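Please open the model in your viewer and keep the selection tool at hand. We will go from the whole chain to a few helix pairs and single residues.

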Amino acid sequence: MVKDFNKKIPKEVNDCVKALKDAGFEAYLVGGCVRDLLTEKEPKDWDITTNATPKEIQKIFIDSVYENNFGTVGVKTESEDITLKIIEITTYRIEGKYSDARHPDEVKFSKTINEDLSRRDFTVNSLALQIKSSKLKVQNYEIVDLFGGQEDIKNKIIRAVGEPEKRFEEDALRMLRAVRFACQLGEGNPWKIEEKTEKAIRKNADSLKKISSERIRDEFQKIIMTSNAVWGVESLRDLGLMKYIIPELLEGVGCTQNKHHIYTVWEHNLRALGYSVSKDYSFEIRLGSLLHDVGKPKTKRGEGVDSTFYMHEYVGGSMTRKILERLKFPKNVIDYVTHLVKYHLFYYNVGEVSESGVRRFIARVGENTIEDLLKIREADRIGSGVPKAVPYKLRHLKFMIEKVKRDPISPKMLKIDGVKIMELLDLKPSRKVGDILNALLDDVIEDPSKNTKSYLESKAKELNKLSDKDLEVLRERAESAKKDFEFEANKEIKQKYKV
């Protein structure tokens, strides 16, 4: 299975290998980069392993860093390729007992490549490539494959090295990585997880609760971003891992819906995710598609064709925030995906919603969010089993949004600001200034032609004569008007459509 890697191994990597060998040490390419070379993929990173100790490696490579306890030295290069700026060189090692199913209690350096490969997670990653000649024009290679990794690559199988249970007892995250590798390596057709490996995952699934949220999050995100994301999420459920990642999603398993849906909530969410994957949408949209109806099981009332899920989008938004906070996602991701889930359900019918209603909708959900909300709606529709993702009503809504999106929908778009209002009305910074601005905005949203300096100054003087109570009524009326576009403000529509 050895191929001509001459053109695929970068000069920077070859130079590191040559320097180690010239100093009298062994040197192998190892792990994922070897797997990628064998599967004819472009390696994302390059790892070298050697019998040289970290101190010996640093003597060979003056411009290097060693800031860990795992024997890995980062060798700096002058490459313009960001993936080659630092080449990681790790001393052969064996690992002691894992008391916490996360980290080895101790790491010991070993003498042979065989010992090093035996500690690795899966056979397809337990491969080493030795460059026997460093002449760039004629190179000879040898693959060290102790556990049948090349055969498993050929048969597209994810198999634990040695005894699967021991591998997962060492690091429980490997169970999640098994699913991730099956998704990533398959490119549309996931690889098979070997029977004993799968059985060990099922048996040890509860060990995943010992793993940090950050590590789980990173693996889950990688699964979601593959072309096999739906298979990956379903596998996490089937293997018993999902209960330690997003157990809230499992509430949708077997949860039937009403006459407008032919799938359970779980199936619907997976199909929505599948649509987002097929469109190669961003991680936030994929995650929003998967979670958009996470609130349905908790809000379900009744059974059969007339069951209801009132306010599930708002309940789902709150659940989504808690889920993503628990998984330690960045705040911007938490806020954005929560927003998508909370506002994914909106009502629009040609002829029933005015231009001012569309402007209020944009003002409420945010102009930068509109396109992604529409993508979530498309995923929602396909997940419900309908044939068209973008029916006439959605196309018309897109037209209306395009038509009005340049109209003023926020205070900063008014031809007057708070400073001018304070100067004009001799006011100090106060809530009253904000109330006047909001009242002016509501007026302009209804009729954009009123967004002129003269009209707004005149209107501001009129508003200044109102009592604080009257201004509060205007503010509440404006807030209520923003919701007119949504189901929450129209209970009759919600009852009619049983959403």
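Here is a tour in several stops, each beginning with something to select.

This is a predicted model, in which local features need pLDDT of at least 70 and side-chain atom pairs count only at pLDDT 80 or more, while totals for chains, interfaces and linings use all residues. Residues are numbered from 1 along each chain as its sequence is written, and side-chain values use heavy atoms, with hydrogens and water left out.

**The whole chain**

Start with everything selected and coloured by secondary structure. The protein chain has 24 helices and 11 strands; these are DSSP runs numbered from the N terminus, with helices being H or I of at least four residues and strands being E of at least two. Of its 499 residues, 51% count as buried. Here buried means under 20% relative accessible area, exposed means over 50%, and partly exposed lies in between, with a 1.4 Å probe and protein chains only.

Switch on a surface if you like: the accessible surface comes to about 24,000 Å², and 48% of that belongs to carbon and sulfur atoms. Such areas come from the Shrake-Rupley method with a 1.4 Å probe, and for residues only the protein chains shown count as cover. Among contacts with a separation of 6 or more, 67% are between residues 24 or more positions apart, where contact means heavy atoms within 4.5 Å.

**Stop one: α7 and α9**

Select residues 173-186, which form helix α7, and residues 213-224, which form helix α9; the two pack at an angle of about 15° with their axes 9 Å apart. That angle makes α7 roughly parallel to α9. Axes are lines fitted to C-alpha atoms, for helices over the stretch in contact, and angles run from 0 to 180 degrees between N-to-C directions. Angles under 35 degrees count as roughly parallel, over 145 as roughly antiparallel, 65 to 115 as roughly perpendicular and the rest as oblique.

Now show side chains. From α7, the contact includes Leu173, Leu176, Val179 and Cys183, and from α9 it includes Ile216, Phe220 and Ile223. By class, this contact has seven nonpolar, one polar and five charged residues. Ala, Val, Leu, Ile, Met, Phe, Trp, Tyr, Cys and Pro count as nonpolar, Asp, Glu, Lys and Arg as charged, and the others, Gly among them, as polar.

Stay on α7 and click Cys183, which belongs to this helix. Is Cys183 buried or exposed? Its relative accessibility is 1%, so Cys183 counts as buried. Leaving aside neighbours within four places in sequence, Cys183 is in contact with Ile223, Thr226, Asn228, Trp231 and Gly232. Try a distance label too: the C-alpha atoms of Cys183 and Met225 are 9.4 Å apart, with their positions 42 residues apart along the chain.

**Stop two: α9 and α10**

Keep α9 and add α10; these helices pack at about 135°, with axes 8 Å apart. This makes α9 oblique to α10. Phe220, Ile223 and Ile224 of α9 meet Ala229, Gly232, Val233 and Leu236 of α10. Six nonpolar residues, one polar and no charged ones make up the contact.

Next, select Ile245, in the loop between α10 (229-238) and α11 (247-250). With 1% relative accessibility, Ile245 counts as buried. Not counting residues up to four places away in sequence, Ile245 touches Leu176, Leu208, Ile216, Phe220, Leu236, Arg326 and Leu327.

**Stop three: α13 and α16**

Move to residues 283-291, helix α13, and residues 331-342, helix α16, which pack at about 45° with axes 9 Å apart. α13 and α16 are therefore oblique to each other. Phe283, Glu284, Leu287, Gly288 and Leu291 of α13 meet Val333, Tyr336, Val337, Leu340 and Val341 of α16. By class, eight of these residues are nonpolar, one is polar and one is charged.

**Last stop: two loop residues**

Most residues other than glycine have a negative phi. Select Asp280, in the loop between α12 (265-278) and α13: its phi is positive, near 60°. Asp280 counts as exposed, at 60% relative accessibility.

Finish at Lys328, in the loop between α15 (312-326) and α16. What is the phi of Lys328? Lys328 has a positive phi of about 60° although it is not a glycine. At 42% relative accessibility, Lys328 counts as partly exposed.
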